[in-house]
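Here is a quick tour of one helix pairing and a handful of charged side-chain pairs. Have the viewer open while you read.

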Amino acid sequence: TLAQSWSEHFAHKTLTCKVLYTQGELPRGHARLNFAGRPGHTVLPDGSVQIDTLLKSTVAAATFELIAEGVDWTLSVFKDNSGVVAFDDKHGVCIKVETHNRPSAIEPYGGAATGVGGCIRDVMGTGLGARPIANTDVFCVAFPEGFAMGEAGANAAVEVKPWPLGHHAPAQKLPKGVLHPRRILTQVVAGVRDYGNRMGIPTVNGAVSFDDRYIGNPLVFCGCIGVIPRSCVKGEARQGDLIVAVGGRTGRDGVHGATFSSAGLENTSADEFAHAVQIGNAIEEKRVLDALIRCRDEAAEGPLYTAMTDCGAGGFSSAVGEMGGKLGATVKLEAAPLKYD
């Protein structure tokens, strides 16, 4: 619990720390960036820039500026499992995108499948429940034609550099412990496609980027879009609520998912952390979705629950921690259904 809570995956230590940025020499024709007046940026006397937190001062800054100016269509942002923006007077749109790079590098089909499955689960676990309606993805891999089958020696140095668009590198031997980019691309496409199809959720668009510098660490971005009633955007656990776990049984797969995703990739990672890639169960997730929507909508007095979240890379400890952080909670782990004795 402590290791995953302080891992890069959860705590985002790089994105939330202070950063001192110095602009180096710029290529001819490129203007220097002007940081004056940017929120969370302080220009120091020597020209360097101190950024308070990368997350709030860059990625999230525009959204917070819009809210401060009076924008009213950001129903729930930077606080729940997915962001929610207004669609009309009755509905909001949930949007969730995340990476699944490390798992996809060692087990591309399963890594991409649970990547998109996690985004679907995050949309389902937003507020008091949303219905996922579409998936999306972006894949960044090395040129499939640029690498020869077979492995280089354990200590061989492999020089990887970008090549002009439309041209491929001379065939290089794969570094030890690295899967061939053709296999990675084929399998991550199949993983996202199959998981969505089994749940009846179409993959409506995607993109792929090729660069040989992705040979050791492909980037796999998965996303899901959902629809939620505006009355269900927010939920809150209450004193006396029961904690109910719904979905697949607990097994050894997925254990260390958060800490593995936060570590550097080594040529031994596929052997050491194969168990860290969760084995997805799209059919079970579809059954959970159908039951969830019924529990949310069919009772006259409203949803049959007060709050919900998903069991992501941190499993029960992160899910219960998110819902019970202000109240405290008692958890009976021995009651968790298991895949095997």
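## A buried aspartate and its partner

Let's start with Asp310, which is buried, its relative accessible area being just 9%. Keep in mind that this is a predicted model. Asp310 pairs up with Arg121 in a salt bridge, with N and O 3.0 Å apart. The two come from distant parts of the chain, 189 residues apart: Arg121 sits in helix α7, while Asp310 lies in the loop between α11 (282-297) and α12 (315-324). Arg121 is partly exposed, because its relative accessible area of 22% is not under the 20% that buried requires.

## Next door in the sequence: Asp122

Asp122 makes a salt bridge too, this time with Lys96, and the closest N and O atoms are 2.6 Å apart. Here again distant parts of the chain are linked: Asp122 belongs to helix α7 and Lys96 to strand β6 (residues 91-99), with their positions 26 residues apart. Are these two buried or exposed? Asp122 counts as buried at 6% relative accessibility, and Lys96 is buried as well, at 16%.

## A pair within one helix

Lys286 and Asp290 also form a salt bridge, their closest N and O atoms being 2.9 Å apart. Both sit in helix α11, and they are separated by about one helical turn because they are 4 residues apart. Lys286 is partly exposed at 27% relative accessibility, and Asp290 is partly exposed at 35%.

Shared partners also tie some salt bridges together: Lys96, Glu98 and Asp122 end up in one network. Searching the whole structure turns up 10 salt bridges.

## How α7 meets α8

Now back to α7, this time for its packing. Helix α7 (residues 108-124) and helix α8 (residues 181-199) have axes that come within 7 Å and cross at roughly 40 degrees. The crossing is right-handed.

Which residues make the contact? On the α7 side they include Pro108, Tyr109, Ala112, Val116, Gly117, Ile120 and Met124. On the α8 side, Ile184, Val188, Ala190, Gly191, Tyr195 and Met199 are among them. Sorted by class, the contact has 13 nonpolar, 3 polar and 2 charged residues. Asp194 and Arg198 of α8 take part in the contact, and they are the charged ones, because Asp and Arg both count as charged.

Notes
Residues numbered from 1 in each chain as written. Predicted model: local features only at pLDDT ≥ 70, side-chain atom pairs only at ≥ 80, totals over all residues. Heavy atoms only, no water. Axes fitted to C-alpha atoms, helices over the stretch in contact; angles between N-to-C directions. Left-handed = near helix turned anticlockwise from the far one by under 90°. Contact = heavy atoms within 4.5 Å. Salt bridge = Lys/Arg side-chain N within 4 Å of Asp/Glu carboxyl O. Buried < 20%, exposed > 50% of the residue type's maximum accessible area, 1.4 Å probe, protein only.
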